[in-house]
Amino acid sequence: MREVTVLIGELSRATGVPARLLRYYEEQGLLLPQRDSNGYRSYPDAAVSRVARIRELLDAGLPTRDIRALLPCATESGFQHCDHSRKVVGEGLDRLDDQISDLLRRRELLARQRDAVLSAPFDRDPDAGRSPRNNRPAGAVGN
């Protein structure tokens with residue numbers, strides 16, 4: 001029995017992923033289409049679930065190189081639990097934890113700036129203290 005295959009446009013419609021992005025996944029080694037006699041890309045029917053898995057891992061923050069390393073471990077319900085898959089996922093979690101820590105630090109710095117602005121005395125004239133030269137209307141030219 002011959003395996004059912006789909007063309008790139010059909011895979012795009014089935015997954016909601018633009019054909020251009022599917023070609024990018026191919027370039028990154030995430031999708032491995034066959035070529036028909038006319039040169040068209042032909043994907044196995046299972047490519048629909050593979051694209052869904054790729055999208056899920058991208059949404060989780062994994063770069064394509066890590067996804068490429070994980071895909072051989074993929075099963076229908078997840079991933080084979082092995083040292084390799086644990087390492088890749090663990091490193092992804094570590095990167096996200098670092099990014100979260102950095103975002104929290106940056107948020108705290110910005111919140112301090114906001115609090116300093118809110119606690120400063122209110123000045124009704126935002127142009128007070130500017131020199132006349134800096135108070136020119138926008139687009140004004142000359143002295």
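Biologist: Let's fix the terms: buried means under 20% relative accessible area, exposed over 50%, and partly exposed in between (1.4 Å probe, protein chains only). So is Cys73 buried or exposed?

Modeller: Cys73 counts as buried, at 8% relative accessibility. Bear in mind that this is a predicted model, in which local features need pLDDT of at least 70, side-chain atom pairs count only at pLDDT 80 or more, and totals for chains, interfaces and linings use all residues. Residues are numbered from 1 along each chain as its sequence is written, and side-chain values use heavy atoms, with hydrogens and water left out.

Biologist: How many disulfides are there?

Modeller: Zero, where a disulfide is a pair of cysteine sulfur atoms within 2.5 Å. Cys73 is in no disulfide, and the nearest cysteine sulfur, that of Cys82, is 4.0 Å away. Cys82 is in no disulfide either. Cys82 is partly exposed, at 25% relative accessibility.

Biologist: Now the sheet. What is the strand order?

Modeller: The order is S1-S3-S2, in an open sheet of three strands with antiparallel pairing. Strands are DSSP runs of E, at least two residues, and helices are runs of H or I, at least four, numbered from the N terminus. Two strands pair if DSSP finds at least two bridges between them.

Biologist: Which strands stand at the edges?

Modeller: Strand S1 (5-7) and strand S2 (34-35); each has a single partner strand, so one side of each is left without a neighbour in the sheet.

Biologist: How many bridges join S1 to S3?

Modeller: Three, and the strands run antiparallel. Thr5 stands opposite Pro44 in S3, and Leu7 stands opposite Ser42 in S3.

Biologist: And how many join S2 to S3?

Modeller: Two, again with antiparallel strands. Arg35 stands opposite Arg41 in S3. The hairpin of S2 and S3 has five residues between the strands, and Gly39 there takes a positive phi near 90°.

Biologist: Which helix lies across S1 and S3?

Modeller: Helix H1 (residues 8-15), running at about 95° to S1. Axes are lines fitted to C-alpha atoms, for helices over the stretch in contact, and angles run from 0 to 180 degrees between N-to-C directions. Contact means heavy atoms within 4.5 Å.

Biologist: Back to Arg41. What does its side chain meet in a salt bridge?

Modeller: Glu26, at 2.5 Å, N to O. The pair links distant parts of the chain, with Arg41 in strand S3 (residues 41-44) and Glu26 in helix H2 (residues 19-27), 15 residues apart. Glu26 is partly exposed, with a relative accessible area of 21%.

Biologist: What counts as a salt bridge, and how many does the structure hold?

Modeller: A side-chain nitrogen of Lys or Arg within 4 Å of a carboxyl oxygen of Asp or Glu counts. The structure holds seven. Among them is the one between Glu91 and Lys87, at 3.4 Å, N to O. Those two are four residues apart in helix H5 (residues 83-119), separated by about one helical turn. Glu91 is partly exposed at 33% relative accessibility, whereas Lys87 is exposed at 54%.

Biologist: Which residues are linked in a network of salt bridges?

Modeller: Asp102, Arg105 and Arg106. The side chains of Arg106 and Asp102 meet at 3.5 Å, N to O, and both residues lie in helix H5, four residues apart, about one turn of the helix. Arg106 is partly exposed at 47%, and Asp102 is partly exposed at 29%.

Biologist: Which arginine is buried yet has no salt bridge?

Modeller: Arg53, in helix H3 (residues 47-59). The nearest side chain of opposite charge, Glu56, is 4.2 Å away. Lys and Arg count as positive and Asp and Glu as negative, while His and the chain ends are not counted.

Biologist: What is Arg53 in contact with?

Modeller: Leaving aside neighbours within four places in sequence, the list is Leu71, Ala74, Thr75, Glu76, Ser77, Gly78 and Phe79.

Biologist: Last one, Leu31. Where is it found?

Modeller: In the loop between H2 and S2. Leu31 is buried, with a relative accessible area of 2%.

Biologist: What does Leu31 touch?

Modeller: Not counting residues up to four places away in sequence, Leu31 touches Leu11, Leu22, Tyr25, Glu26, Tyr43, Arg50, Val51 and Ile54. The C-alpha atoms of Leu31 and Arg68 are 9.2 Å apart in space, with the residues 37 apart in sequence.
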